[in-house]
Amino acid sequence: MDEMREAVTAVLGDIDFDPEELHAKYLSERDKRVRGDHNEQYVEATGEFAKYLDDPYEKTVEREPLFDEVEIAIIGGGFGGLLMGGRLREAGFTDIRVIERGGDFGGTWYWNRYPGAMCDVESYCYLPMLEELDYMPKHKYSFAPEIMEHTQNIGHHYGLYENACFSTSVTKLSWDEDTSRWIIETDRGDKMRAQFVAMANGPLNRPKLPGISGISSFEGHTFHTSRWDYEYTGGDNGGNLHGLNEKKVAIIGTGATAIQCIPHLGESSEHLYVFQRTPSSIDYRNNRETDPEWAASLESGWQYRRMDNFNTLVAGGDQDEDLVSDGWTDIFRNLTGTAAKLAGRKLGRRITGREKGHLMQMADYQKMNSIRNRVDDVVEDPATAEALKPWYRQFCKRPCFHDEYLPTFNLPNVTLVDTQGKGVERITAKGVVANGVEHEVDCIVFATGFEVGTGYTRRAGYDIIGRNGQTLSEKWENGPRTLHGMQTTDFPNCFFLGFTHTAVTVNVPQALNEQAMHISYMISQVRDQDGTTIEATAEGEQMWVDEIQDKSKLGERFRAECTPGYYNNEGKVGNPDGFFTTSYGAGPIRFHRILSEWREDGQMQGADIS
Ligand code: NDP
């Protein structure tokens with residue numbers, strides 16, 4: 001025990017809290033929130049709720065249905081689809097078509113235009129292809145309009161607009177064995193063909209609604225944050241929501257999205273009620289304009305070096321230098337193996353696994369205490385401050401970084417309605433009921449997130465029919481089966497981008513870039529070997545399923561102690577479709593190495609070209 005204390009003191013100094021008390025508090029906050037219906041508590045945006053998916057930004061352009069053939073169809077025009085298209089163009093492929101539900105490129109940045117939307121990973125890492133496009137973001141953390149513009153610039157740079165189909169949703173994909181082609185049907189009456197199909201649907205693309213009784217009885221206005229109704233609110237990403245000046249507004253949810261739009265709602269609404277079930281942890285943002293001298297000093301290859309440096313640090317690895325040096329790297333440096341290495345260096349001995357686990361837990365308590373202290377420092381009303389404090393370990397939920405969110409609760413027209421972990425009780429014709437009290441409002445904004453942990457094809461919005469009429473939903477009924485997350489047996493020439501069976505990264509576009517490069521390599525191999533199809537073998541697929549299952553146990557104990565959220569499948573740890581259960585648990589550094597070694601090996605282990 002003394003040695004444990006020694007390791008902790010070496011890194012954290014004297015501890016001024018009672019770890020057991022905190023642990024018990026965390027478990028009681030979790031227990032307050034765990035509910036039997038887990039993911040089922042949410043309502044799918046279909047039927048009477050399908051209107052929540054309508055595109056408020058673009059009017060659909062009329063066009064004739066397409067019955068033609070392309071070599072490669074990419075479904076999704078967000079960063080995944082754009083990176084896929086760009087890497088394929090670089091590999092010499094020209095006959096490419098992007099099919100996108102939105103009216104333009106952008107993906108998550110097309111849909112999420114809510115006031116205050118911005119990236120919370122440093123833009124010099126987050127915006128891909130900065131060197132390819134010779135572009136430097138204006139701020140350390142970019143605002144949504146600039147990011148969307150960048151996605152469009154990638155589309156132009158790689159000629160991806162030429163053959164693209166926007167405002168088009170795929171309804172069915174089926175493999176035609178006779179011609180070895182995919183048949184793609186859409187809601188625009190298309191029936192096109194493609195030799196290869198890459199699915200870049202996005203991991204969190206389908207808005208979900210809370211299953212609150214009475215939700216359809218509300219007579220006022222409602223919308224989901226990912227379909228922001230500026231016609232109603234006025235203003236833009238920068239705020240000034242003048243349409244709300246005489247409106248009482250409710251926002252349900254306090255996750256990463258809500259944190260960013262609440263300051264603008266608070267500033268403009270006559271009155272804002274924030275309905276909170278679980279508070280987020282709000283760390284410092286410290287955004288700033290890009291220093292032109294620094295930008296001019298960067299040498300060729302700087303973006304990959306920066307992304308790798310960031311990715312290594314936030315995957316718990318060691319780096320001599322922290323190039324990004326922000327809230328993300330600060331958390332990881334203190335809460336991961338880096339802290340253990342520091343303890344080892346200070347004490348001049350190796351830190352054991354148990355000591356490391358203990359040290360990380362203590363560092364976590366200390367970090368979350370500082371997050372809670374920040375709330376006290378900023379929020380004037382003590383009861384509101386108390387309610388805004390998160391009681392769970394860092395990474396139970398997505399950490400948030402913002403400097404205007406907490407001060408919003410000092411405004412006289414903003415009320416935090418803390419639901420004590422129970423959520424909103426009921427929605428009536430006139431308003432929202434929580435803790436037995438009805439709050440009358442004109443408008444309800446649902447900041448309730450996106451489907452995670454439901455079946456892959458449900459989230460995609462279409463099923464895929466492979467060899468012998470088998471559907472992907474049937475094949476993956478008990479969880480996904482893939483080789484490296486990108487191919488599945490009996491679905492030849494069909495590729496997946498996303499976090500199913502791949503490693504989750506903080507910097508999502510970096511992971512998508514690795515996958516795009518890997519898929520581009522596989523398609524190039526088919527071309528170079530004069531083949532027609534590439535497909536995961538049954539053995540290759542089984543090998544990867546075993547590996548995923550083996551590694552999915554990592555972190556399970558941690559997640560079981562967390563308050564519910566999509567990171568732990570709403571408290572149902574082990575759900576076969578869950579976010580971390582279906583991702584590669586040993587992290588992105590190892591995963592990306594597996595991919596690059598597979599390519600270098602050149603033997604296409606686990607895949608067949610024919
Ligand atoms: P989340 O799923 O993170 O949050 C949903 C919110 O709705 C939670 O606060 C949840 O509470 C609340 N909620 C759900 N049901 C109820 C209910 N019945 N009553 C009251 N509250 C309810 O969705 P977000 O859209 O905020 O974020 C999703 C993800 O998008 C983030 O995790 C992040 O990965 C990404 N994102 C990234 C950004 C970026 O800068 N790159 C910016 C914004 C989002 P509870 O916590 O209790 O479940």
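Q: Which residue in β6 is the bridge partner of W182?
A: In this predicted model, strand β5 covers residues 181-186, a range that holds W182. Four bridges join β5 to β6, and the two strands run antiparallel. The bridge partner of W182 in β6 is A194.

Q: Which residue in the hairpin of β5 and β6 takes a positive phi?
A: Strands β5 and β6 form a hairpin with four residues between the strands. A positive phi near 80 degrees is found there, and the residue that takes it is G189.

Q: How many bridges join strand β2 to β6?
A: Strand β2 spans residues 69-75 and runs parallel to β6. One of the pairs links I72 with its bridge partner F196 in β6. The number of bridges that join β2 to β6 is six.

Q: Which residue in β19 is the bridge partner of M199?
A: Strand β19 consists of residues 494-496 and runs parallel to β6. Three bridges join these two strands. The bridge partner of M199 in β19 is F496.

Q: How many of the nine residues of strand β6 are buried?
A: Strand β6 spans residues 191-199 and is mostly covered. A residue counts as buried when its relative accessible area is under 20%. By that criterion, the number of buried residues in β6 is seven.

Q: Where does the ligand lie with respect to domain 1 and domain 2?
A: Domain 1 comprises 38-44 + 208-285 + 366-446, and domain 2 comprises 69-204 + 453-563 + 572-609. Both give residues to the shell around the ligand, so the ligand lies between them.

Q: Which helix gives the most to the shell around the ligand?
A: The ligand has 26 residues around it, and M118, T257, T278, K397 and Y566 come nearest. By class, the shell has 13 nonpolar, nine polar and four charged residues. The helix that gives the most to this shell covers residues 256-268 and supplies three residues; it is α9.

Q: What percentage of the ligand's accessible area does the protein cover?
A: An oxygen atom of the ligand lies 2.9 Å from a backbone N or O atom of T254. Side-chain N or O atoms also approach ligand oxygen atoms, at 2.9 Å for R277 and at 3.3 Å for R398. On its own, the ligand has 920 Å² of accessible area, and the share covered by the protein is 89%.

Terms used:
Residues are numbered from 1 along each chain as its sequence is written. This is a predicted model: local features need pLDDT of at least 70, side-chain atom pairs count only at pLDDT 80 or more; totals for chains, interfaces and linings use all residues. Side-chain values use heavy atoms; hydrogens and water are left out. A residue is near a molecule or strand if one of its heavy atoms lies within 4 Å of it. A polar contact is a pair of N or O atoms within 3.5 Å; within protein, one must be able to donate a hydrogen and the other to accept it, and residues adjacent in sequence count only if both atoms are side-chain atoms. Accessible areas come from the Shrake-Rupley method with a 1.4 Å probe; for residues, only the protein chains shown count as cover. Ala, Val, Leu, Ile, Met, Phe, Trp, Tyr, Cys and Pro count as nonpolar, Asp, Glu, Lys and Arg as charged, and the others, Gly among them, as polar. Domain bounds come from an automatic or database domain assignment. Buried means under 20% relative accessible area, exposed over 50%, partly exposed in between (1.4 Å probe, protein chains only). Two strands pair if DSSP finds at least two bridges between them.
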